Amino acid sequence: MTTQIIRHDWTAEEVQALFDLPFNDLIFEAQTIHRKFFNPNEVQMCQLLSIKTGGCPEDCGYCSQSAFAESDLGASKLMAVEEVLSEARKAKEGGATRYCMGAAWRSPKDRDMENLKAMISGVRDMGMETCATLGMLTEEQAKELADAGLDYYNHNIDTSEEFYGEIITTRTFQDRLDTLDVVRDSGMKVCCGGIIGMGEKILDRAEMLRTLANLATHPDSIPINQLIAIPGTKLENVNLPHSIDFVRCIAVARIMMPRSTVRLSAGREEMSDEMQALCFFAGANSIFVGDELLTTDNPGRDKDAALMSKLGIEALAAFEEPALDKEPTNSRPPTPLHEKRA
Ligand code: SAM
Ligand code: DTB
Ligand code: SF4
């Protein structure tokens, strides 16, 4: 199969055709593209910290931190700057090169901005890449965070536009896209992906990836989460997707967005070593390390170190450009999504 390399004009049929490929053809294609842009034996190690947990006014059906969830998670205040920096130092000593701070907010309050900026510049001064996920941002907030040294902003579309309303009602799909524009315009890199296994159809997975790939610029980083069905959330009884179906999503993301970092994010606790190895083969090149994600467990460092050693995978250094980054062939000028929709 011939593949245009960097594209922003994927049709629904083309993406569906990728999902319909025989599995071996799909992951061969994904691995071939992966090798054009990345060292296949390097994976980026990120670590998360929940700097403000619980009591969130949004109703995301998967999230333990939503005030609508019946979880026993209390609502905490924003952590103190020193406490965050001390956790970040430990993460760096443990091998993390990107540090991502998450807050259970609809959007940050102006009164929190000074502390957030001190956290960001403090982490940046340690030599780690910085990322934050704080909800919706105004232009001014995005600019302030960028100026403080925030490299990436994580803001997921989570699923297809069509399925979105089944999962979240307190903000729209368009709200998410608007914040992504604000983030991009501020000069920060965009980290945007979604969740597999919320009861969506394959078509929804295809449409989610199509939305991301048809943005004027591909997200620099694409977290693909497997739903962690957390007791007390609306999705607590949803079954895990089949592992092969999950790997297919990684492969399709890699093919559609060849230069982006694809992050094998939540859900690794439930994944076998073999499934994770297939995800790396399909083009995933980043993981979250450490014992915890935000509110749930993650395979600890020892388990991950053993897996990486078995696979001969090395950690990517902070701020390292992909080793094999080349000029794309068959590149077409991007078409902004809003223009395509009009
Ligand atoms: N409040 C911020 C927001 O929603 O943008 C940031 C935090 S939120 C926890 C970040 C992302 O984590 C969500 O968009 C979702 O994709 C993912 N996530 C949250 N809970 C999850 C779960 N139970 N399973 C899998 N992914 C989850
Ligand atoms: C993302 O897409 N996944 C991470 C990060 N961005 C912030 C969060 C996963 C959270 C999993 C559930 C929890 O620990 O609460
Ligand atoms: Fe709030 Fe983010 Fe959880 Fe949604 S995913 S409830 S916005 S913390």
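Ligand 1 is surrounded by 18 residues, the closest being T133, N156, D158, R176 and I228. A residue counts as near a molecule if one of its heavy atoms lies within 4 Å of it. The model is predicted, so to speak of local features takes a pLDDT of at least 70, and side-chain atom pairs count only at pLDDT 80 or more, while totals for chains, interfaces and linings use all residues. Residues are numbered from 1 along each chain as its sequence is written, chains are lettered from A and ligands numbered from 1 in the order in which they are written, and side-chain values use heavy atoms, with hydrogens and water left out.

By class, the shell of ligand 1 holds nine nonpolar, seven polar and two charged residues. Here Ala, Val, Leu, Ile, Met, Phe, Trp, Tyr, Cys and Pro are nonpolar, Asp, Glu, Lys and Arg are charged, and the others, Gly among them, are polar.

The table lists polar contacts of ligands 1 and 2 (pairs of N or O atoms within 3.5 Å).

| Ligand | Ligand atom | Protein partner | Distance |
|---|---|---|---|
| Ligand 1 | nitrogen | Y62, backbone N or O | 3.1 Å |
| Ligand 1 | oxygen | N156, side-chain N or O | 2.9 Å |
| Ligand 1 | oxygen | R176, side-chain N or O | 2.9 Å |
| Ligand 2 | nitrogen | N154, polar side-chain atom | 3.3 Å |
| Ligand 2 | oxygen | N225, polar side-chain atom | 2.8 Å |
| Ligand 2 | oxygen | T296, side-chain N or O | 2.7 Å |

On its own, ligand 1 has 560 Å² of accessible area, and the protein covers 90% of it. Ligand 2 alone exposes 400 Å², of which the protein buries 88%. Both areas come from the Shrake-Rupley method with a 1.4 Å probe.

The shell of ligand 2 consists of L48, T133, N154, N156, P223, N225, A266, F288, L293, L294, T295 and T296. Six of these residues are nonpolar, six are polar and none is charged.

Ligand 3 has C56, E58, C60, Y62, C63, S66, A104 and R171 around it. That shell counts five nonpolar, one polar and two charged residues.

Ligand 1 sits in the largest cavity. The space taken by ligand 2 is the largest cavity, and the same is said of ligand 3. A cavity is a set of points, on a 1 Å grid over the protein atoms alone, where a 1.4 Å probe fits but cannot get out. A molecule sits in one if more than half of its atoms lie within 2 Å of its grid points.

Away from the ligands, salt bridges come next. The count is 14, with a side-chain nitrogen of Lys or Arg required within 4 Å of a carboxyl oxygen of Asp or Glu. One of them joins E87 and K90, whose closest N and O atoms are 3.0 Å apart. The two residues are three apart in helix α3 (residues 81–93), so about one helical turn separates E87 from K90. Helices are DSSP runs (H or I, at least four residues), numbered from the N terminus. Side chains of opposite charge can pair when their charged atoms come close.

Conventions:
Polar contact = N/O pair within 3.5 Å; in protein donor to acceptor, adjacent residues only side chain to side chain. 1 Å grid on protein atoms, 1.4 Å probe; cavity = no way out; pocket = protein on both sides within 12 Å on 5 of 7 lines; lining within 4 Å.
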